[in-house]
Amino acid sequence: MLLEDDELESVALESARTIDISMFVPADSIGRIWYDTPHYLTPCDRVGEEAFSVIREAMAATGTVWISRVVLYRRDAR
């Protein structure tokens, strides 16, 4: 069975301009298998840059990473 364009559109994920951080975990607790395809995301405004730099420095100081979810190109990326 083939799907029509309107059927595909009805289940497409919406793209967002936010990153939902689920949790912070120790960097060494993430297996290398999950480092498949890196995505480097940066804020697009001054306020976002400042907030991101605070979080980035805190993660570097504590050896943690964040687990998050973001929609890129209408596809779920974890």
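Which residue forms a salt bridge with Glu49, and how far apart are the closest N and O atoms? The partner is Arg46, with the closest N and O atoms 3.6 Å apart. Here a salt bridge is a side-chain nitrogen of Lys or Arg within 4 Å of a carboxyl oxygen of Asp or Glu. Before going further, a word on the model: it is predicted, so local features need pLDDT of at least 70 and side-chain atom pairs count only at pLDDT 80 or more, while totals for chains, interfaces and linings use all residues. Residues are numbered from 1 along each chain as its sequence is written, and side-chain values use heavy atoms, with hydrogens and water left out.

Now for the overall layout. The protein chain holds 2 helices and 3 strands, and from the N terminus on they run α-β-α-β-β. Helices (H or I, at least four residues) and strands (E, at least two) are DSSP runs, numbered from the N terminus. Buried residues make up 8% of the 78 residues in the chain. In these terms, buried means under 20% relative accessible area, exposed means over 50%, and partly exposed is in between (1.4 Å probe, protein chains only). The chain exposes about 7100 Å², and carbon and sulfur atoms supply 57% of that area. Accessible areas come from the Shrake-Rupley method with a 1.4 Å probe; for residues, only the protein chains shown count as cover. As for contacts (heavy atoms within 4.5 Å), take those in the chain with a separation of 6 or more: residues 24 or more positions apart account for 73% of them.

Helix α2 covers residues 46–62. How far apart are the end C-alpha atoms of α2? They are 25 Å apart, which agrees with the 24 Å that its 17 residues should span at 1.5 Å a residue. The expected span is 1.5 Å times one less than the number of residues in the helix. Just after α2 comes Gly63, with a positive phi of about 65 degrees.

Back to the charged side chains. Side chains of opposite charge can pair when their charged atoms come close. The count of salt bridges comes to 3. Besides its bridge to Glu49, Arg46 forms one with Glu50, where the closest N and O atoms are 3.7 Å apart. Arg46, Glu49 and Glu50 are therefore linked in a network of salt bridges. Arg46 and Glu49 are 3 residues apart in helix α2, so about one helical turn separates them. Glu50 and Arg46 are 4 residues apart in the helix, which again means a separation of about one helical turn. Arg46 is exposed because its relative accessible area is 57%. Glu49, at 39%, counts as partly exposed, and so does Glu50, at 45%.

Further along α2, the side chains of Glu57 and Arg56 meet in a salt bridge (3.6 Å, N to O). Glu57 is partly exposed at 48% relative accessibility, and Arg56 is partly exposed at 39%. Arg56 lies in helix α2, and its C-alpha atom is separated by 9.8 Å from that of Trp66, 10 residues apart along the chain.

Trp66 itself lies in strand β2 and belongs to the 1 aromatic pair in the structure. Why is this pair called edge-to-face? The rings of Phe52 and Trp66 have their centres 6.0 Å apart and their planes at 75 degrees, so they fit that label. The pair links distant parts of the chain, with Phe52 in helix α2 and Trp66 in strand β2 (residues 64–72), 14 residues apart. Rings of Phe, Tyr and Trp (its six-membered ring) pair if their centres lie within 6.5 Å; planes under 30 degrees apart count as stacked, over 60 as edge-to-face and the rest as tilted. Phe52 is partly exposed, with a relative accessible area of 25%, and Trp66 is partly exposed too, at 22%. Leaving out residues up to four places away in sequence, Trp66 touches Ile21, Met23, Phe24, Phe52, Ile55 and Met59. The C-alpha atoms of Trp66 and Ile55, 11 residues apart along the chain, are separated by 9.7 Å.

Two of those neighbours, Ile21 and Phe24, turn up again at the surface: together with Ile19 and Leu41 they make a nonpolar patch of about 310 Å². Patches are made of residues with over 30% relative accessible area and no salt bridge: like charges are joined within 9 Å, and nonpolar side chains (Val, Leu, Ile, Met, Phe, Trp, Tyr) within 5 Å. Ile19 is found in the loop between α1 (5–11) and β1 (20–26), and at 32% relative accessibility it counts as partly exposed.
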